[in-house]
Amino acid sequence: MRSHDFLRNRRDFLRASAVTLAAGALPASLFSTSSSSIPPKPHRIILDTDPGVDDAIAIFLALRSPELRVEAITPVCGNVPLSLTLPNALRLVEIAGRTDIPVAAGASTPLVRRLVTAKYAHGNNGLGGVDFPEPKLKPVSETATELIRRIVRANPGEISIVAIGPLTNVATVLKSDPTIAALIKSIVIMGGSLSGGNITPAAEFNFYVDPEAARIVFDSGIPLTMVGLDVTRKVLIRDEQVRALEAAQNPVSQAAGKILRANFDRLHKTSNAVDFAMHDPLTVAQLIDPSVVTLKDFFVEIETTGELTAGQSLGYAHGPVRRSPPLETGLPAADSPEAEFKPNAKVAVEVDPDKFFRLLLARLTSAA
C-alpha cells in the first residue's frame with residue numbers, strides 16, 4: 001500500500017470512529033485515558049501496638065508498604081509492659097529509617113484489670129531477647145490518647161486505627177471523646193477468635209488482657225475488621241523463611257531475621273516448637289492486599305463477666321441473638337428478649353498463607 005493511500009484510509013477510519021462514538025455505539029473508554037493508571041491514595045493508619053515479636057514484623061511491613069501511610073505509632077501494654085513496648089517501638093522506627101513518624105506512649109495498665117503479659121512467647125524484652133541499642137528517638141510529649149484524638153479530628157473520615165495489641169488505648173479514646181467514633185474511618189483489629197482461645201480455652205490473648213476495652217470497641221458502631229486466631233493460626237513462619245530474611249542485606253530484614261531467629265531458638269529449647277504464628281503481620285497484610293483473607297459479616301460480642309471466659313469473642317452469623325436464660329426465682333417472668341441481628345464486624349474466616357508470605361518476604365527483603 002502506498003503511503004498516501006494509508007494516510008487516507010487512516011483518516012477515513014478515524015472519521016468513522018468519531019461518528020460511531022457520537023452515536024454511542026462505542027464505549028468512550030476506548031478513546032480516553034484510563035484513570036486506573038493513577039495509583040490509589042495510601043490508606044492512612046495509626047498503628048496501635050504492643051511490640052512483641054510479631055508486632056515488630058507487622059511494624060516493618062507497614063512502614064515498607066506504599067499502600068499504607070502510617071501517621072503515628074501508639075504503644076500499649078500487652079505482650080510486655082509499656083516500659084518495654086514504648087522503647088521497642090522507638091527502636092523499630094529507627095531501624096526502618098522512619099523517625100518522621102510520631103510515637104506516643106499509651107496505657108500502662110488495662111482499664112480495670114491487672115496486666116498479664118506474654119513474656120513466655122516474646123522473651124523478657126518483647127523482641128525475642130535480642131538486645132538492640134537504646135533508641136535515640138524520643139516519644140512525643142502527647143499521650144497516645146491525645147495524639148489519636150488530634151489526628152482523627154484533623155482528618156475526619158480518613159484515618160483507620162490498626163490495633164494489634166490489647167484495645168486499651170482505643171477504648172480510652174472512645175471513652176474520653178464519645179463523639180469521635182463517627183470520625184474514625186475504621187478499626188482493624190488483631191484479636192479474638194470464633195474457634196477457641198490461645199491463652200485460655202475461651203479467649204485470645206489481646207481480648208483476654210483487656211476484655212472491657214474490647215467490649216467498648218465492639219459496641220462503638222465504628223466499622224470493624226477482626227483478624228483473629230481463626231486465620232492467624234494458619235500463617236506459621238518457618239526456618240526457611242527466616243533464612244530468607246537473614247540473607248537479605250537491608251536493616252529491616254536483618255533486624256527481623258535476628259528477632260525471629262532468637263525467638264525460634266528460645267521456643268525450640270522450651271517447647272520444641274518449629275514454627276509460630278504471624279498474627280499481627282497478617283492483620284497489616286490484609287490492608288495491603290485484601291485478597292489474602294476472606295471476610296464474613298458477624299455480630300461479635302465480648303464476654304466480660306465470666307470468671308473462666310472473660311475476653312471470649314462470640315460471633316453470630318445470623319439471628320436471633322440470645323443471651324443466657326434468666327435465673328429461676330419462682331416469680332412470673334417474661335421470656336428472654338432476643339436482640340435484633342445486625343453485623344458489627346467483618347471477621348476473617350479464611351486465609352491464603354502462601355500469598356501472605358510472598359507479600360511479607362518481598363516487602364521486608366527488598367532493597368528499597
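**Note on the predicted model**

1. M190 sits in strand β4, which covers residues 186-190. The model is a predicted one. M190 has a relative accessible area of 2% and is therefore buried, the cut-off for that class being under 20%. In sequence M190 and M226 are 36 residues apart, while their C-alpha atoms are 6.1 Å apart in space.

2. Strand β4 belongs to an open sheet of eight strands with mixed pairing, in the order β2-β1-β3-β4-β5-β10-β8-β9. The edge positions are taken by β2 (68-75) and β9 (313-316). Each of these has a single partner strand, so one side of each has no neighbour in the sheet. On average, neighbouring strands of the sheet are turned by 30 degrees against each other, direction ignored.

3. The pairing can be followed from the β2 edge inwards. β2 and β1 (residues 43-49) are parallel, with seven bridges between them; in this pairing, T49 has P75 of β2 as its bridge partner. On to β3, the pairing of β1 is again in the parallel sense, over four bridges, and I46 is placed opposite I161 of β3. β3 and β4 are also paired in the parallel sense over four bridges, with S160 opposite S186 of β4.

4. Strand β3 (residues 160-163) deserves a look at its side chains. In a regular strand, side chains alternate between the two faces of the sheet. In β3, S160 and V162 point one way, I161 and A163 point the other way, and all are buried. The residues named in the bridge pairings thus come from both sets: I161, opposite I46, and S160, opposite S186, point in opposite ways from the strand.

5. Four aromatic pairs are found in a search of the whole structure. One of them is F207 with F218, an edge-to-face pair with 5.7 Å between centres and 75 degrees between planes. F207 is in helix α7 (residues 205-209) and F218 in helix α8 (residues 211-218), and the two are 11 residues apart. Are these two rings buried or exposed? F207 has a relative accessible area of 0% and is buried; F218, at 3%, is buried as well.

6. The pair F264 and F276 has ring centres 4.8 Å apart and planes at 55 degrees, so it is classed as tilted; edge-to-face would need an angle over 60. F264 is part of helix α11 (residues 251-271) and F276 part of strand β7 (residues 276-277), so the contact ties together parts 12 residues apart in sequence. F264 and F276 are both buried.

7. The largest pocket has a volume of about 470 Å³. Its lining consists of 25 residues, and those nearest the centre are A121, H122, N198, A277 and H279. Which elements each supply at least two lining residues? They are α2 (53-63), α4 (119-122), α7, α11, β7 and α12 (279-288). By class, the lining divides into 13 nonpolar, six polar and six charged residues.

8. Some elements appear under both of the last two topics. Helix α7, which holds F207, is among the contributors to the pocket lining. The elements holding F264 and F276, α11 and β7, are also among those contributors.

Definitions and conventions. Residues numbered from 1 in each chain as written. Predicted model: local features only at pLDDT ≥ 70, side-chain atom pairs only at ≥ 80, totals over all residues. Heavy atoms only, no water. Phe/Tyr/Trp six-rings, centres within 6.5 Å; stacked < 30°, edge-to-face > 60°. Buried < 20%, exposed > 50% of the residue type's maximum accessible area, 1.4 Å probe, protein only. Pairing = 2+ DSSP bridges. Axes fitted to C-alpha atoms, helices over the stretch in contact; angles between N-to-C directions. 1 Å grid on protein atoms, 1.4 Å probe; cavity = no way out; pocket = protein on both sides within 12 Å on 5 of 7 lines; lining within 4 Å. Points joined across faces, edges and corners; volume = space filled by probe spheres on them. Nonpolar A, V, L, I, M, F, W, Y, C, P; charged D, E, K, R; others polar.
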